[in-house]
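Hi,

Here is the structure I promised to pass on. Have a look at it first, and then read my notes underneath.

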Amino acid sequence: MRDKELRLALICYGGISLAVYMHGISKEIWRLTRASRAFGDGDPPAEGSQGVYRRLFEEIAEATGIRLRVLVDIIAGASAGGINGVFMAQAISSGQSLDPLTDLWLEMADVEQLIAPDQGPASALTKFWARPLAWMVGGGKTVDESVEAAAREEVRARLDLFVRSRWFEPPFGGERMLGMLLDAFDAMAKAPKGPRLLPPGQPLDLFVTVTDFAGHPERLRLNSPPEVVETEHRLVLSFSDGGAAGDSLGAASELSFAARATSSFPGAFPPFTVGELDRVLADRGVEWPGRDAFLRRVLPRQMAVNAAEKAALIDGSVLANAPFRPAIEALRNRPARRQIDRRFVFIDPWPGLKFGIGGKGDGPPGFFHTLIGALSEIPRQQPIRDNLEAIADRSDTIERMVSILDRLRGEVEQQVEALFGYTLFLDYPTAKRLAAWRRRAQAAAADKAGYGHAGYALLKIEGILDRIATLLHAVGDQPGQERWRRIRESIARAVDARGAMAVGAGHATGASAAAIDFLRGFDIAFRIRRLRLLIRRIVEMDHDAGDSTLNEMREAAYGALAAYLECQRSDRHADLRDAVRALPQDADTVLDRLAATLALPLLDARTDAAIATALSRLAREQRRPLLLAYLGFPFFDLATLPLLQGEGLDEFDPIRVDRIAPDDATAIRAGGAGACLKGIQFNSFGAFFSRAYRENDYLWGRLHGADRLVDIILSTLPAEARLGPGRATATKRALFHAILDEEAERLKAVPGLIDELRAEIG
């Protein structure tokens, strides 16, 4: 068996009441990851949809020899997607169940529950003037025009309540919503709990976008004037569980802070404030011991001037409805212990959605429509082309570099063989020999590179300075690009003063003793790149021969890689925080303490021992190409690192992007959102007006999620290892029926839909 991970980074869009549909998709992803974990750990099979996923994994293993694990390790969300992302992350990180959340969505995501008590209905006669506003919000259509006959009475009753709430103030209650979120976390905590859904050491990163209404100042460097201040409104609230046993994303109060702030839809909810959360927690008698530390982290500018309580936070989708950027940045230094297939999966409940407030789209827009579009619709609905192009550029770079590596392989192998002769491959390697061979190959590569080695060495040093500054910036927890620059400048001065930037032909090995010491003490990236190249060669050989004898070699390489990646986690260096905050003072001491904490020479010795042991147990014909790759890495790196501008490659496999949307899930019914979803009515507020609508959208969310997840799983298999004809369709059909069986008892408002779907599925 060959182990492989399908790693999903989820990007969850906003969608107002389509949050219920997105919860259905999240629920299906959660059930898939539970089935995957149970299969990987050898637990007994579950029933229902999880049992169908389990059988799919077993079938893949039998047919292809690939033991696949599906996991979610990055989640980024905005607005309705932010709420779903928060709860999805909590379930994955803690092992808690999402089942209690379903009942809360179906019961509580209702106008009657969301309207604030002090916004209660006034007399219908005194609110007659509000009915034209409701007509406008509905896109210019009456209930009879936009709602099917069976739901009109329920929708009219809810709409009447909504219309008679106090106008020109948000009708929905912020504290009411916050209370619901806290109740949801309590319900999840009280429900039966399973194991964490990620492997040990694999962190989960969560990002939630928020809009700072008043904004906060950010300093920018210019030529003249040397510095200006602009107002920044974008905020990204980040959480990580670290990946260690017992770690958590954060307190329920902090996760509720993020969920409430990101979903504060303008006009529907009042802006979120810290005081709102303080009041709700006080009413519940709940303490928040980490309050100030959390606020310093998420609202550093406001806390610095004692204004955090005054910050007004509104919907995250106003400026960042598709938060790809933080998810892309989180790709750096992800741990790896097996082959990776990395996917970005974005969940878009209604592709091409336009709110259309104040006009029908016929002819030029009028005054009101233009105003609303400029202020809300256009910023919110900007396409994700820039994000996709950034991912595509990264993938193209990876593919080009892989091609270069393949073309260079023959020449590099000749260089290594000429350097060591054939006796190298007749002896079993030991840790001591491997260390000596590495140093000899490094010196030979520098010598053959000539004057080009100086540029390569300086590029490496500059990259190390960037990474040290980034690590210390995270340790110091003092946000801002200017602070990062000051840290880097102080560290660079200290390194230069040590003579560590003295490289070139004037030195016997191409670099001064100080430069070599600096590289040995801090160049983690070089070690990581070398191991990734070795792993790629192992995967190629394994794919060609299907030989299980490479398993120990693979485990040794992945284990060493994980250890180096672990060094770059900021929480491992927390004892440096005070010293980092004192920079630029005593930069030499900070460097010495960081080098001692990293302890790279000790880690190198352990890596050499593990690699040498695994190599010594291979047959000569297997050992030779792996030794050539490992020892030849300096030659490869000299040729490729300048082309990558010093960045290196985090993963050798390109990133692929998948979408989950009604338009893509056509196994049951074509036609997109208009053919399936009810929440799209009333400019995406529709599901707030009907329990039947929420049940409809939730069920379709699960079905669409299952449809697309099967496609994504099967797309990770090699072209020559596909399942037999009709297996994908049969698996989807089994999943659909399992979902209907699981939900029939819960969804009492749409029994006709369940019968209709059974007939369509067949």
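Below is what I found, going from the whole chain to the cores and then to one leucine.

Keep in mind that this is a predicted model. The chain runs to 762 residues, and 56% of them count as buried. It has 32 helices and seven strands. If you look at contacts between residues at least 6 apart in sequence, 79% join residues at least 24 apart. As for the surface, about 31,700 Å² is exposed, with carbon and sulfur atoms supplying 53% of that.

Now the inside. The largest nonpolar core has 123 residues, and Phe 257 and Leu 299 have the most contacts within it. Helix 30 (residues 691–715) gives the most to this core, namely 12 residues. Another core, of 80 residues, lies apart from it; Phe 518, Ile 535, Ile 538 and Ala 614 are among its members. Back to Phe 257: setting aside neighbours within four places in sequence, its contacts include Leu 237, Phe 272, Trp 288 and Leu 299.

Then there's Leu 319, which sits in the loop between strand 5 (313–314) and helix 14 (324–329). Is Leu 319 buried or exposed? Neither, quite: its relative accessible area is 42%, so it counts as partly exposed, as buried would need under 20%. Beyond its neighbours within four places in sequence, Leu 319 touches Thr 211, His 233 and Arg 234. Its C-alpha atom is also 10.0 Å from that of Asp 212, a residue 107 places away along the chain.

Cheers

Definitions and conventions:
Residues numbered from 1 in each chain as written. Predicted model: local features only at pLDDT ≥ 70, side-chain atom pairs only at ≥ 80, totals over all residues. Heavy atoms only, no water. Helix = DSSP H or I, 4+ residues; strand = E, 2+ residues; numbered from the N terminus. Buried < 20%, exposed > 50% of the residue type's maximum accessible area, 1.4 Å probe, protein only. Contact = heavy atoms within 4.5 Å. Areas by Shrake-Rupley, 256 points an atom, 1.4 Å probe, with all protein chains shown as cover. Core = buried A, V, L, I, M, F, W, Y, C linked by side-chain atoms within 4.5 Å.
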